[in-house]
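Got your viewer open? Load the model, switch on the cartoon, and follow along.

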Amino acid sequence: MGLGYAPAAPSRAWACQDAAMELESVAASVAGIPFMTPDLGRRVYEHIRSTRPEQALELGTAHGVSAAYIAAALEANGSGHLITVDHGGAAYAPSPEEVLAGAGLAHRVTVVREHSSYNWFLKQQIEAASDAAGNCSPMYDFCYLDGSKNWNIDGLAVVLVEKLLRSGGWLLMDDIEWTYEDNPWIVPDGDGRPLGPLSDSERTQPHLRAVFELIVKQHPSFTRFIREDEWYGWAQKRTDGARRYELATSRPLGTLLAAELRRRVRRSRRKGS
Ligand SMILES: C[S@@+](CC[C@H](N)C(=O)[O-])C[C@H]1O[C@@H](n2cnc3c(N)ncnc32)[C@H](O)[C@@H]1O
């Protein structure tokens, strides 16, 4: 039996308060677990709340922290689903399933760990969405790429992702300035053989910056770009507008300069040693 009255729509102030509580609650439930920082978590959460994607994709799950932030925003939106993909063999403690269940968000996320690389998952998705004439029907409104950081892998990933992104959809790339030189403990997946060892420029130059500048920014379907805090690259697929490029910061300039200074000192120390 109905209640006989319609519940009042929540006031804007209440809605804002609720959203802040949801963000606080997901941040508390993933506190201390790598990798997404609370600052980027808030940034991504706000993006999902304002753009309201129905289908979201994440490449690079790890423990599921970023997945939890995205899923919390979808939950607050009242609709939407996230597929998050990692290596077949990826094993994390806590697992993404545990992290998402702990945050009460497992129902918003499908965790995929079937292949050696997300690129094979993307290949299968394109295959399933394509007709005989080569038309691929896009299905995602948002993609967060936070995986290999390698030119060979992510250079292909962004091309495949574009095919699956709807017009108006956003691609977010993390770690634009990441280098193997700054992360010497990481061996590039699949890059040892048959491609051979990294050359000096492959070791010292940021692969993702090249992916963003040379592939994403020059792709005819991506027309709006934001470089944020020198670390994140946003690209919107829009086939109906002029190309736009923005530089943005969500942090005080002093913090950005200090981070850049720290990076340069680390680099020159390594060169000196
Ligand atoms: C930095 S972690 C992801 C962190 C996660 N997005 C977060 O913020 O909580 C990068 C992840 O990408 C995965 N990865 C790297 N290259 C990959 C590839 N080619 N295919 C699938 N997963 C990959 C790694 O196994 C790792 O779990």
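Which loop does proline 94 lie in? Select it and you land between strand S2 and helix H4 (96-102); helices (H or I, at least four residues) and strands (E, at least two) are DSSP runs, numbered from the N terminus. Show sticks here: alanine 93 and proline 94 are joined by a cis peptide bond, with omega about 0°.

Before moving on, some ground rules. Residues are numbered from 1 along each chain as its sequence is written, and side-chain values use heavy atoms, with hydrogens and water left out. This is a predicted model, where local features need pLDDT of at least 70 and side-chain atom pairs count only at pLDDT 80 or more, while totals for chains, interfaces and linings use all residues.

**Stop two: another cis bond.** Pick phenylalanine 35, in the loop between helix H1 (12-29) and helix H2 (38-51). The peptide bond leading to it from proline 34 is cis, with omega near 20°.

**Stop three: the ligand.** Stay on phenylalanine 35: a polar backbone atom of this residue is 3.4 Å from a ligand oxygen. Now add methionine 36, where a backbone N or O atom sits 3.3 Å from an oxygen of the ligand. Then click tyrosine 92, whose polar side-chain atom is 2.6 Å from a ligand oxygen. The protein covers 91% of the 610 Å² of accessible area that the ligand has on its own (Shrake-Rupley method, 1.4 Å probe; for residues, only the protein chains shown count as cover).

Widen the selection to the 19 residues around the ligand (a heavy atom within 4 Å); Gly60, Ser66, Asp86, Tyr92 and Asp146 come nearest.

**Stop four: two positive phi values.** Alanine 62, in the loop between S1 and helix H3 (65-77), has phi near 50°. Aspartate 175 lies between S5 and helix H7 (200-204), with a positive phi of about 65°. Alanine 62 is buried at 11% relative accessible area (buried is under 20%, exposed over 50%, partly exposed in between; 1.4 Å probe, protein chains only). Aspartate 175 counts as buried too, at 11%.

**Last stop: the core.** Colour the largest nonpolar core, which has 32 residues (buried Ala, Val, Leu, Ile, Met, Phe, Trp, Tyr and Cys joined through side-chain atoms within 4.5 Å). Leu57, Leu59, Leu122, Leu171, Met173 and Val216 touch the most other members. Helix H6 gives the most to this core, with six residues. Finish on valine 216: beyond its neighbours within four places in sequence, its contacts (heavy atoms within 4.5 Å) include Val158, Leu171, Phe222 and Ala235.

Notes:
A polar contact is a pair of N or O atoms within 3.5 Å; within protein, one must be able to donate a hydrogen and the other to accept it, and residues adjacent in sequence count only if both atoms are side-chain atoms.
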